[in-house]
Amino acid sequence: QGYEGLVEGGDNIKQANWLSVSNIIQLGGTVIGSARCKAFTTRVGRLRAARNLVEHGITNLCVIGGDGSLTGADIFRSEWGGLLEELVRDGQISEEVARENCRLNIVGLVGSIDNDFCGTDMTIGTDSALHRIMEVIDAITTTAQSHQRTFVLEVMGRHCGYLALVSGLASGADWLFIPESPPEDGWEDLMCERLGE
């Protein structure tokens, strides 16, 4: 459950083995869970997460996420030494344990269906999101044609129109709105004229 799992600890932290990761590659989304974690935005929450990691001897993290997840990872890394000092001071871990776990290594991977990160061809999640969108469009297109109706489909993409643009091109959409190119005045008449054609 992302940072929630680090803060809560217990059964949320377990070793992955061959059996636990078998037969999951075809699944959309993430089978390990994901959660927004308010506690991790506080030092107290990050202190609990540090203790849980140290108890398991974990000093390497692979963080897959967007702006919030990667910002949290950077804060956690920068505070790591101070968090361990506080745990020693409070008697929650020994100085020896703190020395053994003195360095936190983090690899950050952009997980964003928006495909809005410079320097990469496609962010993690974009391809599977596009795949699902095209499945839905294929199903809707048949219904739209049989009823001779116009259908409006909204896809995700907070400030980025990548999913809308690519799925619109792939499906032959008649009209498209993306945040990077807001419609000009009078777009309604132009759209109605286009749809009329």
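**Close-up views of a two-domain predicted model**

**Figure 1. Separation of the two domains.** The centres of domain 1 and domain 2, taken over C-alpha atoms, are separated by 39 Å. The model shown is predicted. Domain 1 covers residues 2-110, and domain 2 covers residues 126-196. Along its principal axes, the C-alpha trace of the chain spans about 75 × 40 × 25 Å. The radius of gyration of the chain is 23 Å, whereas a compact globule of 197 residues would have a value near 16 Å.

**Figure 2. Secondary structure and overall packing of the chain.** Eight helices and two strands make up the elements of the chain. Read from the N terminus, their order is α-α-α-β-α-α-β-α-α-α. Of the 197 residues, 26% count as buried. The accessible surface of the chain comes to about 13800 Å², and carbon and sulfur atoms account for 52% of that surface. Among contacts between residues at least 6 apart in sequence, 61% join residues at least 24 apart.

**Figure 3. The largest nonpolar core.** This core has 21 residues. The residues with the most contacts inside the core are Y3, L6, F40, L61, F76, W80 and L84. Two or more core residues are given by each of α1 (2-8), α3 (43-55), β1 (60-65) and α4 (67-89). Helix α4 provides the largest share, with six residues. In soluble globular proteins, nonpolar side chains tend to be buried together.

**Figure 4. Surroundings of L84, and a second core.** L84 is among the residues with the most contacts inside the largest nonpolar core. Leaving aside neighbours within four places in sequence, L84 is in contact with V54, I93, A98, N101 and C102. Apart from the largest core lies another core, of five residues, among them A129, I133, I137 and L163.

**Figure 5. R46, a buried arginine in helix α3.** R46 lies in helix α3 and has a relative accessible area of 8%. R46 therefore counts as buried, the limit being under 20%. When residues up to four places away in sequence are not counted, R46 touches A39, F40, T41, I75, F76, E79 and L83. Of these contacts, F40 and F76 are also among the residues with the most contacts inside the largest nonpolar core.

**Figure 6. Cysteines without disulfides.** The structure holds zero disulfides. For C37, the closest cysteine sulfur is that of C62, at 18 Å. This separation is too far for a bond, because a disulfide requires the two sulfur atoms to be within 2.5 Å. C37 is buried, with a relative accessible area of 10%. C102, by contrast, is exposed, with a relative accessible area of 54%. C102 is also one of the residues in contact with L84.

**Figure 7. D127 in helix α6.** D127 is placed in helix α6, which comprises residues 126-147. With a relative accessible area of 52%, D127 is exposed, since the limit for that class is over 50%. The C-alpha atoms of D127 and I113 are separated by 7.8 Å, and the two residues are 14 residues apart along the chain. Domain 2, assigned to residues 126-196, also begins in this region of the sequence.

Note on methods
Residues are numbered from 1 along each chain as its sequence is written. This is a predicted model: local features need pLDDT of at least 70, side-chain atom pairs count only at pLDDT 80 or more; totals for chains, interfaces and linings use all residues. Side-chain values use heavy atoms; hydrogens and water are left out. Domain bounds come from an automatic or database domain assignment. Buried means under 20% relative accessible area, exposed over 50%, partly exposed in between (1.4 Å probe, protein chains only). A nonpolar core is a set of buried Ala, Val, Leu, Ile, Met, Phe, Trp, Tyr and Cys residues joined through side-chain atoms within 4.5 Å. Helices (H or I, at least four residues) and strands (E, at least two) are DSSP runs, numbered from the N terminus. Contact means heavy atoms within 4.5 Å. The radius of gyration is taken over C-alpha atoms; the globule rule is 2.2 Å times the number of residues to the power 0.38. Accessible areas come from the Shrake-Rupley method with a 1.4 Å probe; for residues, only the protein chains shown count as cover.
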